[in-house]
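Me: Could you pick one part of this protein and take me through it slowly? I am new to reading structures, so please explain each term when you first use it.

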Amino acid sequence: MAAIELEGLTKEYGEVVANDDVSFTVERGEIFGYLGPNGAGKTTTIRLLLGFISPTAGGGRILGRDITDERELIEAKRRIGYLPDDPQFDESATGREVLEVHAGIKGDERSDELLELFDPPLDRPIREYSHGNVRKLGLVTTFMHDPELVILDEPTSGLDPLMKQRFADFVRAERDRGLTLFFSSHILGEVRRLCDRVGIIRAGNLVTVEPIDALLHRSGKVVRVVTADSVPRSTFEDGLEGVHDLEVGGGDALDDAAVDAADSSPGGYREHTFTFTGAVDDLLAAVGEYDLVDLTIEEAPLESVFLRFYGGDEGV
Ligand SMILES: Nc1ncnc2c1ncn2[C@@H]1O[C@H](COP(=O)(O)OP(=O)(O)OP(=O)(O)O)[C@@H](O)[C@H]1O
């Protein structure tokens, strides 16, 4: 039995179709990233999954229970951990008191271990908590009853780099002991670090579900090459496989007309930026022929992943 199965899930808010015929399956023991820009419909799917809102059409099952059946869902929820994008705790309670309330409702199998990892200031009232501390306390309440399935909405928002790393190591170890994790994000880098498979939602429509490696391979890298001497544009444009959207700078050209004119000149440019889907060895061989000042290779931003593979900019 899969952890999550959605079939034709649709949610309309008046004119807005927040989820449009969304179908996918999350298998047990995988980390599934749900990626999309702001307003794409990620939170809507999560709220439908947990029965906070009802679908306009379609449905699904979570841990084998019907998401539109309140009684079935109550049973499943004992085995689920959920962290919303904006966790709301009693402002006047201390962190410790919040944990006691949660322990009373759903049990506490492992808060000591979680507190060592995430370490929110337990004796301070929630009203004095920073955004990051609320998130850390939220991670403890999400995992403390040792759930089978965890659903996280933008889990690392507000966490510093050290905590992000700690969180990443923690969820991978949890996955290895059998936990299923479904999380939403609009940050490709975060999805890349964490997940096995990714579903991409855009303007309410699921545009792809695939292994993260396949997505990253297709989306390429953004490469910037700076050389001490000018390099002809054709070096990268024609001489290297997998170069797209080449931009040049640092040459003699001052405006677009001059850029066109200079394209065929042997003078060339000192700075080349492009999206690269080819082999890194070929790139290094190409740049190795020149006096290199700087070389950066970065992940393609989410926007360019959408633009490159799904066309247009609607919803991005
Ligand atoms: N209660 C609501 N009433 C009306 N429209 C809504 C409601 N909730 C969400 N929407 C709309 O549905 C669409 C999807 O919103 P949703 O919050 O699911 O997106 P999201 O991908 O989670 O975005 P973000 O990354 O910004 O949190 C948006 O156009 C949003 O304005």
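Reply: Let's begin with pairing: two strands count as paired if DSSP finds at least two bridges between them. The strands themselves (E, at least two residues) and the helices (H or I, at least four residues) are DSSP runs, numbered from the N terminus. Residues are numbered from 1 along each chain as its sequence is written. What you see is a predicted model, in which local features need pLDDT of at least 70, side-chain atom pairs count only at pLDDT 80 or more, and totals for chains, interfaces and linings use all residues.

The part I would pick is an open sheet of 6 strands, with mixed pairing. Which order do its strands take? Reading across, you meet β6-β7-β8-β3-β9-β10. Why are one side of β6 and one side of β10 left without a neighbour in the sheet? Both β6 and β10 (205–211) stand at the edges and have a single partner strand each, so each has a side with no neighbour. From one strand to the next, the twist averages 15 degrees (axes are lines fitted to C-alpha atoms, for helices over the stretch in contact, and angles run from 0 to 180 degrees between N-to-C directions).

Let's walk across, starting at the β6 edge. Strands β6 and β7 are joined by 4 bridges and pair in the parallel sense. If you find L83, you will see L152 of β7 standing opposite. On the other side of β7 comes strand β8, residues 180–185, which runs parallel to β7 and is joined to β7 by 5 bridges. Residue L152 helps here too, as it stands opposite F183 in β8. Another pair to look for is V150 and its bridge partner in β8, L181.

Is β7 enclosed or open? To answer, we need one more term: a residue is buried if 20 or more other C-beta atoms lie within 10 Å of its own, exposed if 12 or fewer, and partly exposed in between, with C-beta atoms placed from the backbone. By that count 5 of the 5 residues of β7 are buried, so the rest of the structure largely encloses this strand. Its residues point in two directions: L149, I151 and D153 go one way, while V150 and L152 go the other, and all are buried.

Now move on to the β10 end of the sheet. Strand β3 (residues 31–35) pairs with β9 in the parallel sense over 4 bridges, and here Y34 stands opposite G199. Strand β9 covers residues 197–202; 5 of these 6 residues are buried, so β9 is also largely enclosed by the rest of the structure. The pairing of β9 with β10 is antiparallel, over 6 bridges. There V198 stands opposite E210 in β10.

These two strands form a hairpin with 2 residues between them, and in it A203 has a positive phi near 50 degrees. Most residues other than glycine have a negative phi, and most peptide bonds are trans. You can find another positive phi at L63, near 45 degrees. That residue sits in the loop between β4 and β5, and it counts as buried because it has 22 C-beta neighbours inside 10 Å. A further case is D245, with phi near 50 degrees, which lies in strand β12, residues 243–249.

What packs on our sheet? Helix α5 does, touching β6 and β7, and its direction makes about 165 degrees with that of β6. This helix takes in residues 131–143, and 19 Å separates its first C-alpha from its last. Its buried residues are R135, K136, L137, G138, L139, V140, T141, T142 and F143. Besides β6 (80–83) and β7 (149–153), these buried residues pack against three helices: α3 (95–106), α4 (111–118) and α6 (161–176). Two residues are in contact here if their C-beta atoms, placed from the backbone, lie within 7 Å.

For a contrast, look at the open sheet of 4 strands, ordered β2-β1-β4-β5, where the pairing is antiparallel. Its edges are β2 (16–26) and β5 (65–66), each with a single partner strand, so each has one side without a neighbour in the sheet. Strand β4, residues 57–62, is joined to β5 by 2 bridges, and I62 stands opposite R65.

How values were computed: Expected span 1.5 Å × (residues − 1).
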